[in-house]
Amino acid sequence: MKPELLVMHPQLQRTMDDLGDGFIMHPIWKAEDPDKLIKDVAANIRGIATSGSKGASAAFMDHFPNLEMIDSFGVGYDSIDISHAKSRGIVVTNTPGVLVEGVAEMGMTLLLSTTRRVAEGDRYVRAGRWAKDGDMPLGRSLAGKRLGIVGLGDIGSRLAELASAFKMKISYYGPNEKPAYPYPYQPNLVKLAQDSDYLMICCKGGEETRKLVGADVIEALGPEGMLINISRGTVVDEAALLAALQSGKLGFAGLDVFEKEPQVPAGFMELDNVVLVPHIGSATTETRIAMGDLVTENIRAYFSGKPVPTPVT
Ligand code: 8YV
């Protein structure tokens, strides 16, 4: 009998086709009544294909008495209750590695579009202000600027390489020093912010890092400083960030992630000194295909009794 999978996150058609042969798929987003679907298929579900945004809480897992594996489309698994999965012997996989370039490119994109006022410039041209009001205020350069990286993991270290090519001076904060990298380690986050022009948040989400970047860190960056977040909205105290941008205590921000996605606090919308994008760090065709293929590989491996390529350990 084909194993049955509950599919929480809209997958690429390619992934649905690849898995369609060997599995009975229940795409929840196509169900008229998702709760009814869950009740109807609960006892048959052996796998759940979820994502960073959909996650899987302990209570959700417990709808499915025969659940054996959870495969997440994304690298971050802060929305999955890993310890509960472990206690039930449920294998969890994610998609690390394949999205490093895409998310690091997004970090550079936000760094550049914020310093060079690209989104503001676009609004300026479209509103006819160039002809009416003349030149826009000046932006800022990257070359020679100090970039503090919070979390020198796969994505943070790739970003450090890209930013180095832009002649930025890198230093980083994290729970541990990583001597394999040539950048100075700063174990005090407020100090890192004080000594940085721009701060790039790349660390993982979850309880460990909740509101790690609070008012003290934000204000240490200062009125000329900038904060970029490509990690999780939960890492930053969003209310403190908004207040600092409004009052001018922080100069600029570029945000791909928010505390309660897809809700974005209205105050951000009124500010020209912040660039807002809707969690698109991994959203390129190339990256999403690679992520989808890894989802397929993990599910196929698990259900054919082979070791899964990328387990969450
Ligand atoms: C995805 C992500 O957009 O990898 C992650 O952790 O946040 C993103 O790549 C997300 O998993 C889709 O919800």
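For these entries I take a cavity to be a set of grid points where a 1.4 Å probe fits but cannot get out. The model I examined is predicted.

**Entry 1: enclosed space**

I searched the whole structure for cavities of 30 Å³ or more and found three. I then turned to the largest cavity, for which I noted a volume of about 60 Å³. Its lining is formed by Ser113, Thr114, Arg117, Val118, Ala119, Glu120, Phe252, Asp272, Asn273, Val274 and Val275. I looked up which elements give two or more residues to this lining, and recorded α5 (100-115), α6 (118-126) and β11 (274-276). Among these, α6 supplies the largest share, with three residues. By residue class, I listed five nonpolar, three polar and three charged residues in the lining of the largest cavity.

**Entry 2: the ligand and its shell**

I next examined the surroundings of the ligand. There are 14 residues around the ligand, and I noted Phe73, Val75, Gly76, His279 and Ser282 as those that come nearest. I sorted the shell by class and obtained four nonpolar, eight polar and two charged residues.

I then looked up distances from ligand oxygen atoms to polar side-chain atoms. For arginine 232, I recorded 2.8 Å between an N or O atom of its side chain and an oxygen atom of the ligand. For histidine 279, a side-chain N or O atom is likewise 2.8 Å from a ligand oxygen atom. For arginine 288, I found a polar side-chain atom 3.1 Å from an oxygen atom of the ligand. I also checked how far the ligand is covered: on its own it has 330 Å² of accessible area, and the protein covers 92% of this.

**Entry 3: the second largest pocket**

Which residues lie nearest the centre of the second largest pocket? I recorded Phe258, Glu259, Lys260, Glu261 and His279, out of 21 lining residues. His279 had already appeared in my entry on the ligand, among the residues that come nearest to it. For the space in this second largest pocket I noted about 460 Å³. Its lining divides into six nonpolar, eight polar and seven charged residues.

Why does the second largest pocket lie between domain 1 and domain 2? I concluded that it does so because domain 1 (4-98 + 286-303) and domain 2 (100-276) both give residues to its lining.

Definitions and conventions:
Residues numbered from 1 in each chain as written. Predicted model: local features only at pLDDT ≥ 70, side-chain atom pairs only at ≥ 80, totals over all residues. Heavy atoms only, no water. 1 Å grid on protein atoms, 1.4 Å probe; cavity = no way out; pocket = protein on both sides within 12 Å on 5 of 7 lines; lining within 4 Å. Points joined across faces, edges and corners; volume = space filled by probe spheres on them. Helix = DSSP H or I, 4+ residues; strand = E, 2+ residues; numbered from the N terminus. Nonpolar A, V, L, I, M, F, W, Y, C, P; charged D, E, K, R; others polar. Near = heavy atom within 4 Å. Polar contact = N/O pair within 3.5 Å; in protein donor to acceptor, adjacent residues only side chain to side chain. Areas by Shrake-Rupley, 256 points an atom, 1.4 Å probe, with all protein chains shown as cover. Domains from an automatic or database assignment.
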